[in-house]
Amino acid sequence: NTIASIVLLPISGFLFAWPPYVFSLLNNPKHKRIISTIVELFTLNAAVICLIFSAFASEALALFANEKYFAAIQVIPFLLFSNLSMGLYQLSGIGSAIAKKTKPVMWATLFGALLNVVLNFILIPMWGGVYGASFATLISYSAIPLVLFRISQKNYPIPFNFIKIILYYLFPFTLSLLCNVYFENFELSISFFVIKLIGSFLVLGALIFLNIRIYKKNINKEEA
């Protein structure tokens, strides 16, 4: 959980600046398009960061924990992406915040808390404490922004591309699960670490390209 919490540092920094920035945009006639683009970029970038952290989970566990915790590598993707879902939770209520309606946030939060209790009750006996609880956390944390996005759209419609947002989330998450299953069979070594490091730089290069492309397509096009 400590390793997974590291990803909260960049996410928390962004979320701290998010509300004042959004409200500063409201006089801009293109503010809805800007907000939707930022949410897309946040999801894409945060998900890729989670993927990279997941790829180096074995090295992080070797550095910060002893061997009895090495099995925790299997739940790290769930914990990392649970933190991302909590970030999306704070972004998803922006429409209700602009409309000055806070009840949707309260109801979505209560729904997520109740769902977490129910899923823990079901999954922990089935899969064990760590695995059941981590999966329950991921599902319940992800359900909150889904509910809140839907409610907030009624209060203050913003043209989010939900298909893209979901794909930006699910594709890196799936890769992180595959990475953990695949890398679990390898012993730690300098050469293996270098291979993953090179792969991470390639992924970051592709990420920069996608950021530029999305920005030009959504923001520059609107300014033209």
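Helix H7 is the biggest giver to a nonpolar patch here, chipping in six residues. Keep in mind that this is a predicted model. Let's look at that patch, and then at how H7 sits against its partner, H8.

**The nonpolar patch**
- The patch lies on the surface and is made of Leu 114, Val 118, Phe 121, Ile 122, Met 126, Trp 127, Val 130 and Tyr 131.
- Put together, these residues have about 850 Å² of accessible area.
- H7 doesn't do the job alone: H7 and H8 each supply at least two residues of the patch.
- Leu 114, one of the patch members, is found in helix H7.

**How H7 and H8 pack**
- H7 covers residues 103–127 and H8 covers residues 129–155.
- Their axes come within 8 Å and cross at roughly 155 degrees.
- That angle is over 145 degrees, so H7 counts as roughly antiparallel to H8.
- As for handedness, the crossing of H7 and H8 is right-handed.
- Where H7 touches H8, the contact residues split into 19 nonpolar and nine polar, with no charged ones.

Conventions
Residues numbered from 1 in each chain as written. Predicted model: local features only at pLDDT ≥ 70, side-chain atom pairs only at ≥ 80, totals over all residues. Heavy atoms only, no water. Axes fitted to C-alpha atoms, helices over the stretch in contact; angles between N-to-C directions. Helix = DSSP H or I, 4+ residues; strand = E, 2+ residues; numbered from the N terminus. Parallel < 35°, antiparallel > 145°, perpendicular 65-115°, else oblique. Left-handed = near helix turned anticlockwise from the far one by under 90°. Nonpolar A, V, L, I, M, F, W, Y, C, P; charged D, E, K, R; others polar. Patch = residues over 30% accessible without salt bridge, like charges linked within 9 Å, V, L, I, M, F, W, Y side chains within 5 Å. Areas by Shrake-Rupley, 256 points an atom, 1.4 Å probe, with all protein chains shown as cover. Salt bridge = Lys/Arg side-chain N within 4 Å of Asp/Glu carboxyl O.
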